[in-house]
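Q: Please take a close look at a single helix of this protein and at the helix packing around it. A connected account would be appreciated.

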Amino acid sequence: MMPNNRDLRLEKYDISTNRYRELKYFCMQYREKQSRLRSITEIASFSGDCNSSGKISDRTANVAMQRMQLEKDIDLIEKSAMEADEELYPYIISNVADGIPYEYLWAPTSRTSFYALRRKFFLILNHKKQ
């Protein structure tokens with residue numbers, strides 16, 4: 001279902017091929033991050049367990065930090081897509097997170113306009129994820 005999965009050429013916007021790939025694979029983790037966030041519901045009380053290095057670990061704090069990072073990553077992708085286009089952001093997310101090509105999205109815009117919005121999304125994401 002993914003014909004011609006080519007890299008975007010964003011060098012003229014100061015985004016190297018490797019940086020684009022980093023952003024692309026970050027977006028491809030979007031659904032996984034959502035799933036992990038939903039599954040992290042365990043909030044344990046402080047038990048004062050010692051780990052192998054002898055340091056005290058706080059399981060609740062670790063879970064809270066994981067949740068915060070997942071929420072931050074998800075929010076970063078969603079806000080970048082919304083900044084690219086308020087109305088078409090769900091289509092942008094489906095494309096960059098799930099790899100669904102324009103032809104299967106039924107987006108209410110032309111192919112050229114959609115891919116321009118996708119480039120804009122990556123420019124915004126690159127700026128926010130410095």
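**Helix α2 and its surroundings**

A: In this predicted model, helix α2 spans residues 30-39, and its buried residues are Tyr30, Lys33, Gln34 and Leu37. These four lie on the same side of α2, because the arc they cover around the axis is only 100°. The cover over the buried residues of α2 includes three other helices, namely α1 (17-28), α3 (59-84) and α4 (89-98).

Two of these covering helices, α3 and α4, also pack against each other. Two packed helices are described by the angle between their axes and the distance between the axes. For α3 and α4, the axes come within 8 Å and cross at roughly 125°. An angle from 65 to 115 degrees would count as roughly perpendicular and one over 145 as roughly antiparallel; α3 and α4 are therefore oblique to each other. The crossing in which α3 passes α4 is right-handed. On the α3 side, the contact is made by Ile77, Glu78, Ala81, Met82 and Ala84, and α4 contributes Tyr89, Ile92 and Ile93. By class, seven residues of this contact are nonpolar, one is charged and none is polar.

The wider setting is as follows. The protein has six helices and two strands, arranged from the N terminus in the order α-α-β-β-α-α-α-α. Of its 130 residues, 33% count as buried. Among contacts in the protein with a separation of 6 or more, 57% are between residues 24 or more positions apart.

How values were computed: Residues are numbered from 1 along each chain as its sequence is written. This is a predicted model: local features need pLDDT of at least 70, side-chain atom pairs count only at pLDDT 80 or more; totals for chains, interfaces and linings use all residues. Side-chain values use heavy atoms; hydrogens and water are left out. Buried means under 20% relative accessible area, exposed over 50%, partly exposed in between (1.4 Å probe, protein chains only). The arc is that of the directions from the helix axis to the C-beta atoms. Contact means heavy atoms within 4.5 Å. Axes are lines fitted to C-alpha atoms, for helices over the stretch in contact, and angles run from 0 to 180 degrees between N-to-C directions. Angles under 35 degrees count as roughly parallel, over 145 as roughly antiparallel, 65 to 115 as roughly perpendicular and the rest as oblique. A crossing is left-handed if the near helix is turned anticlockwise from the far one by less than a right angle, and right-handed if clockwise. Ala, Val, Leu, Ile, Met, Phe, Trp, Tyr, Cys and Pro count as nonpolar, Asp, Glu, Lys and Arg as charged, and the others, Gly among them, as polar.
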